[in-house]
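Biologist: Before we discuss this protein, could you put the sequence and the structure up, so that we can go through them together step by step?

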Amino acid sequence: TATGTTSWSASVPLVSGSNTVTVTARDAAGNASAPRSVTVTYNVPVAFTAEVWWAPNPDNPSGYIVYVGGTTSTATNQVATLTQGSGSWDPSQPMAQIPSSTVRPLVGSSSQACFAIKAYNGAGSSAYSPATCVTMP
């Protein structure tokens with residue numbers, strides 16, 4: 001139920017998939033308009049965990065930082081830091097697990113996630129990998 005004469009709003013619960021929302025206007029006397037309908041498709045985002053693997057840096061870095069964005073040029077949002085000696089990564093097979101609850105808000109309306117890796121060492125040197133993009137489920 002909504003009230004008003006020129007504009008109104010109402011919250012309508014949706015289920016995954018196709019939903020038909022029907023509206024009927026009634027005046028104070030109880031007269032009703034013909035029903036009007038609109039079909040809305042609601043796609044529930046699929047939860048996932050992105051496993052990001054990369055080749056070890058031969059310069060024995062102190063750690064890695066993982067970045068994500070919706071495009072290669074926006075892969076600038078830091079989502080993970082892996083530090084040598086903390087047990088958070090295997091130097092021979094570096095990998096980070098990033099949940100969809102972290103990725104989705106950072107990629108905006110993009111249907112893809114682009115990841116870039118920055119390797120760094122204790123001397124202050126660092127190097128970025130090219131961004132790699134994948135389609136999200």
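**From the surface to the core**

Modeller: Here is a place to begin, with the reminder that this is a predicted model: V12, L14, Y42 and V44 make a nonpolar surface patch of about 320 Å².

Biologist: Taking L14 from that patch, is L14 buried, partly exposed or exposed?

Modeller: L14 is found in the segment before β1, which covers residues 17-23. Buried means under 20% relative accessible area and exposed means over 50%, with partly exposed in between. Because the relative accessibility of L14 is 36%, L14 counts as partly exposed.

Biologist: Turning to strand β7, residues 112-120, how many of its nine residues are buried?

Modeller: This strand has several pairing partners to consider: β7 pairs with β4 (residues 63-69) in the antiparallel sense over seven bridges, and G63 stands opposite Y120 in β7. Four bridges also join β7 to β9 (residues 132-135), again antiparallel, and there A113 has V134 as its bridge partner. As for cover, strand β7 is mostly covered, and the number of its nine residues that are buried is seven.

Biologist: K118 is found in strand β7, so which residue in β8 is the bridge partner of K118, and is K118 buried or exposed?

Modeller: Strands β7 and β8 (residues 126-128) pair in the antiparallel sense over three bridges, and in β8 the bridge partner of K118 is Y128. Leaving aside neighbours within four places in sequence, K118 is in contact with residues that include G63, Y64, S126 and Y128. Because its relative accessible area is 19%, and buried means under 20%, K118 is buried.

Biologist: In the hairpin of β7 and β8, which residue takes a positive phi?

Modeller: This hairpin has five residues between the strands. The residue with a positive phi, near 95°, is G124.

Biologist: Which element gives the most to the largest nonpolar core?

Modeller: Of the 19 residues in the largest nonpolar core, W54, V66, I98, V103 and F115 touch the most other members. At least two residues of this core come from each of β3 (49-53), β4, β5 (77-83), β6 (95-99), α1 (100-107) and β7. The element that gives the most to this core, with four residues, is β7.

Biologist: Setting aside its neighbours within four places in sequence, which residues with numbers in the span of β7 is V66 in contact with?

Modeller: The contacts of V66, with those neighbours left aside, include W54, V79, L82 and A96. Strand β7 covers residues 112-120, and the contacts of V66 with numbers in that span are F115, A116 and I117.

How values were computed
Residues are numbered from 1 along each chain as its sequence is written. This is a predicted model: local features need pLDDT of at least 70, side-chain atom pairs count only at pLDDT 80 or more; totals for chains, interfaces and linings use all residues. Side-chain values use heavy atoms; hydrogens and water are left out. Patches are made of residues with over 30% relative accessible area and no salt bridge: like charges are joined within 9 Å, nonpolar side chains (Val, Leu, Ile, Met, Phe, Trp, Tyr) within 5 Å. Accessible areas come from the Shrake-Rupley method with a 1.4 Å probe; for residues, only the protein chains shown count as cover. A salt bridge is a side-chain nitrogen of Lys or Arg within 4 Å of a carboxyl oxygen of Asp or Glu. Buried means under 20% relative accessible area, exposed over 50%, partly exposed in between (1.4 Å probe, protein chains only). Two strands pair if DSSP finds at least two bridges between them. A nonpolar core is a set of buried Ala, Val, Leu, Ile, Met, Phe, Trp, Tyr and Cys residues joined through side-chain atoms within 4.5 Å. Contact means heavy atoms within 4.5 Å.
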